[in-house]
Amino acid sequence: MNILIVGNGGREHALTWKVSQSPLTQHIFVAPGNPGTASVTKAQNVMIATTDIDALVSFAKAQLIDLCIVGPEVPLSLGLCDRLRQHHIACIGPNKNASQLESSKAFCKDFLIRHHIPTARYQTYDDANLAKQFIRENPASWVIKADGLAAGKGVIIAHDTIAAELAIDTLQPHRLVIEEFLVGEEVSFICLVDGEHALPLATSQDHKTRDDGDQGPNTGGMGAYSPAPIVTHALQQSILDDIIYPTIRGMQHEDRPFSGFLYAGLMIDHQGKPQVLEFNCRLGDPETQPLLMRLQSDLVELCIACVEQRLDQVDCRWDPRIALGVVMCAAGYPDQYRKNDVIDGLDLLIASNSLQVFQAGTQQNDAGQIVTCGGRVLCVTALGKTVKSAQQTTYAACEKIHWEGAFYRKDIGHRALTKLMSN
């Protein structure tokens, strides 16, 4: 098979790495890719932007692409999968209408309420002054969200009125969703969905805030691990019964059948009840990196089963070990960050099935050096028999990599350790 992977981040490097292991894969094109994807066996970068839908479709037709896996959210919201399917090119990702679950937080919240899917109470505002008036009349902790796509950074948690009003000003001119602040533990629950059936992937947890101890501003994700100890078999069944399948049926009912990766960002309260914080219509980043490190099934076979609407006939096999990924960032992230700093130490690490450095915000300069070009630069990911051993291997690798201003959280996996110790 000729396979096209769309995107240039750590998620796409991990997808390329895993897809290359399938005996079904003949050649992988990554658009536009990064130096990490270019180094994968069978893979070749193609300089086409993820937003250039016409060029992507033309390339897929010319290269006789058998399967396209869309990584990021923007091409989904622009209708890339609609266009590919018009030309009978199989793809993993929802159509434009279905991708509104992610591209519009207001649509998502309204959908959840219509279909009686548990979520926090909320208000939607087009007028910032009305939004501020609501905040003043209802002093509490609120989550302020920009309605459109914001690369994981359009969410601000405000614990008082002043902070909430500042958040409203910061997120202008977006339409705003003001949501009740939920207390509990966040979980990433990702399924492959074929319009009717859901195949759950292994559970995972992401660390969204920049600083140790879950402090600081929200980011696109500072690290993740799999599995998530909080998700018991009973809780997984509850998530499927009360959230995932009602969502699939609701999308069918509204003539927006969902196919692709469905990512439910959930809050598990102290009674063990899940509520939806958000939906994403693609694999999470950085959850993908530890998930694919643990995946023992053939990812291409799973994708074919999705396209052929027979996910109820396949299973996922998982490495029983823990996978943990730490995101190394450029100075200044998630705000203005430095670029073009030379990354040293990548050649000191010996990649294996137990340790991988997935590249995200990188590029190659004229001298052939790998340099930084994004806020989240690398995701160093390792497997271990325990959370502690996976942590130790990952952080030992991080210490060998250097560039000016590099930083990363030192406590990725702390929630899992706390949960395991409490048990």
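Trainee: Why is strand β18 (residues 322-329) largely enclosed by the rest of the structure?

Mentor: This is a predicted model, in which local features need pLDDT of at least 70 and side-chain atom pairs count only at pLDDT 80 or more, while totals for chains, interfaces and linings use all residues. Residues are numbered from 1 along each chain as its sequence is written, and side-chain values use heavy atoms, with hydrogens and water left out. Strands are DSSP runs of E with at least two residues, numbered from the N terminus, and buried means under 20% relative accessible area with a 1.4 Å probe, protein chains only. Strand β18 is largely enclosed because the buried ones among its 8 residues number 8.

Trainee: Which residues of β18 point the other way from I322, L324, V326 and M328?

Mentor: In a regular strand the side chains alternate between the two faces of the sheet. Here I322, L324, V326 and M328 point one way, and the residues pointing the other way, also buried, are A323, G325, V327 and C329.

Trainee: What is the bridge partner of V327 in β22?

Mentor: Two strands pair if DSSP finds at least two bridges between them, and β18 pairs in the antiparallel sense with strand β15 (residues 223-226) over 4 bridges and with strand β22 (residues 376-384) over 8 bridges. On the β15 side, Y225 is bridged to L324, whereas in β22 the partner of V327 is C379.

Methods:
Buried < 20%, exposed > 50% of the residue type's maximum accessible area, 1.4 Å probe, protein only.
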